[in-house]
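Me: I would like a close look at one serine and its surroundings, followed by an account of how that part sits in the whole fold. Please keep to what can be computed from the coordinates.

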Amino acid sequence: MTGMNENPLDLLPEVLLAASAVLGLLLGAWLPRRRQWLIGALAMGACGAGIVAAAVAATQPVTTAFGESYAVDPVTATARIVVLGSTLVVLALSVGPLRADPRETEFYVLLQLASAGALMLAGAQDLLLLAAAYLLASVPAYALAGFRKDGPGTEAALKFYVVGAFLGVVMLTGATVLLAAGRTTSYPALRTELAEAPGGLVAVGTLALLAGILFKAGGVPGHFWVPDAVQGSSAPVAAFLTTVPKVGALAAFYRLAAVPLVDADLPWADLVAVLSVASMTLGNLAAFFQQDVKRLLAYSTISQVGYLLLPVAVAGRSDLAQEALLYYLAGYALTNLGAFAVVCALPGADVIDDYRGLARTHPALLASLVVCLLGLVGTPPTAVFLGKLEVFSAAVDGGYAWLVVVAAVNTVASLFYYLRWIAPAFLARGPTGDSRATARTAAAVAYGAATASVVLGLLGGTVLDVLGGPLAP
């Protein structure tokens, strides 16, 4: 590490989020229970200020901070905006249900710390920082999964923790092996060293490292925790777990593929392609006959990882890979959060049958659900539609046309279980009729997310133009 670029302002969005978490924890110990919402407001302010700081930093030249350990480039800038924006949405979904809760402050603090971990994952350009970011993104999330302290929440937290702890150790082992192979932990230096290191050693280290990253992304083979953790968590936490860590993990995966692994003499791209097929196929097949809506969305998010791995597989082989991944991540975050916002808006609707008659009782809410669910399929003009076109184009450009065929078949298949959720809302009368209660804030978030997904899709060409650019040196 050199003293030339040790400027905390390079990490201003991350600093704002961490400072808000620490300050909120201290203030929460003194505020009365009825005033705990102020900690949530502080967290929202930190996220908003972080988004502004990230947008300003995105206009500056690409650089690194604290030696070469943290990159400030288009990948980091996009991840910052998406992660902070998603955290802001989850905070909005949480304020109502948590009002006057004895542990309201703790929830907001844990949420911010987990988000800070996702930010660090996206910008990490050193194996040691990557491992630290993994822990920061994971440990608060375990507590969030079991925050309700009921039976399903405790089971969710336990399964989440066991898988995360095991794959965390595997990931640290992989980082150690790569350190032994490359004699450094810096990505730029590893790019040169791994190309000359023993292939077996590099292969073992890479596989172990990717296992931890895929756990955070929720993709095969680190996907086992997703259905139970999402089903057992509260709806706002489920929305967070299926969105924010995924953004940080996939940005980290792309950076690994594009810098230290790009010149390694390993068929890692073929491995990523196989993991992509496994994730999208397993997620879709498992979602087909789910009745619990959160569990259905959990398997849906596993399948989405499969599509998001397409541009990772062609990192360094296609000029379209980076902008395709970043745009898809932004579109997916908006659309997935919109679907979960509908779930939050109908707190008594846990299974598909509970949505019967929604077209008559809450037509605007159903319209938002339709936009988001069909958006996850990739229906125009939503953002995920253009995102899928971009990742498919990147895969073809990178020589993986067969993978695009598999992804297209899976896309068509996924339409089945989304329509299973939508159809009863139009065709049947709900058992609770017009008395079905809604959470107004969550409903407003659902309307906004659905609208934003369509707007982002319509403005896709302009957005894609700003997502390109070189990675940090």
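Which helix does Ser94 lie in?

Reply: Ser94 lies in helix 3, which covers residues 74-98; helices here are DSSP runs of H or I with at least four residues, strands are runs of E with at least two, and both are numbered from the N terminus. This is a predicted model, in which local features need pLDDT of at least 70 and side-chain atom pairs count only at pLDDT 80 or more, whereas totals for chains, interfaces and linings use all residues. Residues are numbered from 1 along each chain as its sequence is written, and side-chain values use heavy atoms, with hydrogens and water left out.

The relative accessible area of Ser94 is 1%, and this residue is therefore buried, a word that stands for under 20%, with exposed meaning over 50% and partly exposed the range in between (1.4 Å probe, protein chains only). A polar atom of the Ser94 side chain lies 2.7 Å from the backbone oxygen of Val90, which falls under the heading of polar contacts: pairs of N or O atoms within 3.5 Å where, within protein, one must be able to donate a hydrogen and the other to accept it, residues adjacent in sequence counting only if both atoms are side-chain atoms. When neighbours within four places in sequence are set aside, Ser94 is in contact (heavy atoms within 4.5 Å) with Phe107, Tyr108 and Pro236.

A second serine, Ser115, belongs to helix 4 (residues 104-123) and is likewise buried, its relative accessibility being 0%. The Ser115 side chain makes a polar contact of 2.7 Å with the side chain of Thr87. Beyond four places in sequence, the residues in contact with Ser115 are Leu17, Val83, Thr87, Phe240 and Val244.

Gly50 offers a further buried position, with 0% relative accessibility, and is found in helix 2 (residues 37-58). Its C-alpha atom is separated by 7.9 Å from that of Arg80, although the two residues are 30 apart along the chain. Apart from sequence neighbours within four places, Gly50 is in contact with Pro13, Leu16 and Leu84.

These sites belong to a chain of 20 helices and two strands, in which buried residues account for 59% of the 473 residues. Its largest nonpolar core, meaning a set of buried Ala, Val, Leu, Ile, Met, Phe, Trp, Tyr and Cys residues joined through side-chain atoms within 4.5 Å, has 166 residues, and those with the most contacts inside it are Leu130, Phe160, Tyr254, Leu309, Tyr355, Leu373 and Trp421. Helix 14 (residues 321-345) gives the most to this core, contributing 18 residues.

Of the contacts between residues at least 6 apart in sequence, 81% join residues at least 24 apart. The radius of gyration of the chain is 21 Å, in agreement with the value near 23 Å for a compact globule of 473 residues; this radius is taken over C-alpha atoms, and the globule rule is 2.2 Å times the number of residues to the power 0.38. The C-alpha trace spans about 70 × 55 × 40 Å along its principal axes.

The backbone also has some particular conformations. Most residues other than glycine have a negative phi, and most peptide bonds are trans. A cis peptide bond, with omega about 5°, joins Val220 and Pro221, and Pro221 is found in the loop between helix 8 (199-217) and helix 9 (225-232). Pro380 and Pro381 are also joined by a cis peptide bond, with omega about 5°, Pro381 being in the loop between helix 16 (363-377) and helix 17 (383-397). Phe66, in the loop between strand 1 (63-65) and strand 2 (70-72), has a positive phi near 55° and is partly exposed at 26% relative accessibility. Lys149 has a positive phi near 60°; this residue is found in the loop between helix 5 (127-145) and helix 6 (151-182) and is exposed, with a relative accessible area of 62%.
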